[in-house]
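Subject: Structure handover

Dear colleague,

I am passing on the structure that we talked about, and below it you will find my notes on what turned up in it. Please keep the structure open while you read, so that each residue can be found as it is mentioned.

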Amino acid sequence: MNVTVLQFPGTNCEYDTKYAFEKLGANVTILWHKESQIPSNTDLIVIPGGFSYGDYLRSGAIARFANVMNSVSEFAKNGGKVLGICNGFQILLEAGLLPGAMKRNNTLHFISKYNHLKVINNNNTFLKELNNNDVVNIPVAHHDGNYFIDENGLKELEANEQILLKYCDENGNIKSLNGSVAQIAGICNKEKNVFGLMPHPERAIEMLLGCDDGVKMLQGFFK
């Protein structure tokens, strides 16, 4: 499997992401944002976390116009798989590859900790190694992770099984973390080939770091 990880000025999770996918057996290429073409053998594009362009204007608002994003959009339109993690999720929203928008956390504070997530829909490549209602414990680290979508948009997400993950407690009870609409932590597009989530599964892939719940999440892309 060939994974291409994008890199913008301010990205800080590209090497964590590279390590995680290599640990699972993938060949990983880190691609600078000024490149205009995605490697032709790419099976999965990952837009990792960080603070692209310093989060000026809005998180992901400038990165959305980078040279490489035209190729990402074309790749996704042709059915290619794209995963956005944290800032990567924000970039996908700004690029219109996923519906909705991000606001500042309702606490107005940066949140950095492990947090439980409940699997809502596993009818997709990303979460197929997990079961609906499974609970995983995954690190979060964001200031602008308050996901927003209007009422009609939310109904559409629900109808199309596009809601992937929700914040919850250790028993699976849905619980607010940052004010996100319906406590949403991750979504996908209607075609189920573009995925975005605020938590960081690449930081939970070995027990040495306290938890390996991210392994099954990322493994879905390999099968």
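Gly25 comes after helix H1 and has a positive phi, near 110°. Before going further, please bear in mind that this is a predicted model, and that the values in this message are computed from it.

Staying with H1, which of its residues are buried? Glu14, Thr17, Ala20 and Phe21 are buried in this helix, and they cover an arc of only 130° around the axis, which places them on the same side of H1. What do the buried residues of H1 pack against? Their partners are strand E1 (2-7), strand E2 (27-32), E3, strand E4 (81-85) and helix H5 (214-219).

One of those partners, strand E2, contains Leu31, which counts as buried because its relative accessibility is 9%, and buried means under 20%. When residues up to four places away in sequence are not counted, Leu31 touches Thr4, Val5, Leu6 and Gln7, and also Gln37, Ile38, Pro39 and Val68. For a sense of distance, the C-alpha atoms of Leu31 and Met69 are separated by 11 Å, the two residues being 38 residues apart along the chain.

Next come the charged pairs. Side chains of opposite charge can pair when their charged atoms come close. The structure holds 8 salt bridges, and I describe some of them here.

Helix H1 contains one of these pairs, in which Lys18 forms a salt bridge with Glu22 and the closest N and O atoms are 2.8 Å apart. Because Lys18 and Glu22 are 4 residues apart in H1 (residues 14-23), they are separated by about one helical turn. Both ends of this pair are partly exposed, with a relative accessible area of 24% for Lys18 and of 36% for Glu22.

A pair with the same spacing along the chain is found in helix H4 (residues 151-159), where Lys155 and Glu151 are 4 residues apart and thus separated by about one helical turn. The side chains of Lys155 and Glu151 meet in a salt bridge at 3.6 Å, N to O, and this distance counts because the cut-off is 4 Å. Lys155 is partly exposed at 48% relative accessibility, whereas Glu151, at 57%, counts as exposed.

The salt bridge between Glu94 and Arg58, at 2.8 Å from N to O, joins parts that are far from each other in the numbering: Glu94 lies in helix H3 (residues 87-94) and Arg58 in the loop between strand E3 (44-47) and helix H2 (67-77), so the pair ties together parts that are 36 residues apart in sequence. Glu94 is partly exposed, with a relative accessible area of 24%, and Arg58 is partly exposed too, with a value of 48%. The C-alpha atom of Arg58 is separated by 29 Å from that of Leu127, a residue 69 places away along the chain.

The loop between E3 and H2 also holds Leu57, which is exposed, with a relative accessible area of 75%. Leu57 joins Tyr56 and Ile62 in making a nonpolar surface patch of about 370 Å².

Finally, there are the cysteines. A disulfide is a covalent bond between the sulfur atoms of two cysteines. How many disulfides does the structure hold? The count is 0. Cys13 is in no disulfide, and the nearest cysteine sulfur, that of Cys86, is 6.9 Å away, whereas a disulfide would need the two sulfur atoms to be within 2.5 Å. Cys13 counts as buried, at 1% relative accessibility. Why is the sulfur of Cys211 not in a bond with the closest cysteine sulfur? That closest sulfur belongs to Cys168 and is 13 Å away, which is too far for a bond. Cys211 likewise counts as buried, with a relative accessibility of 7%.

With best wishes

Key:
Residues are numbered from 1 along each chain as its sequence is written. This is a predicted model: local features need pLDDT of at least 70, side-chain atom pairs count only at pLDDT 80 or more; totals for chains, interfaces and linings use all residues. Side-chain values use heavy atoms; hydrogens and water are left out. Helices (H or I, at least four residues) and strands (E, at least two) are DSSP runs, numbered from the N terminus. Buried means under 20% relative accessible area, exposed over 50%, partly exposed in between (1.4 Å probe, protein chains only). Patches are made of residues with over 30% relative accessible area and no salt bridge: like charges are joined within 9 Å, nonpolar side chains (Val, Leu, Ile, Met, Phe, Trp, Tyr) within 5 Å. Accessible areas come from the Shrake-Rupley method with a 1.4 Å probe; for residues, only the protein chains shown count as cover. The arc is that of the directions from the helix axis to the C-beta atoms. Contact means heavy atoms within 4.5 Å.
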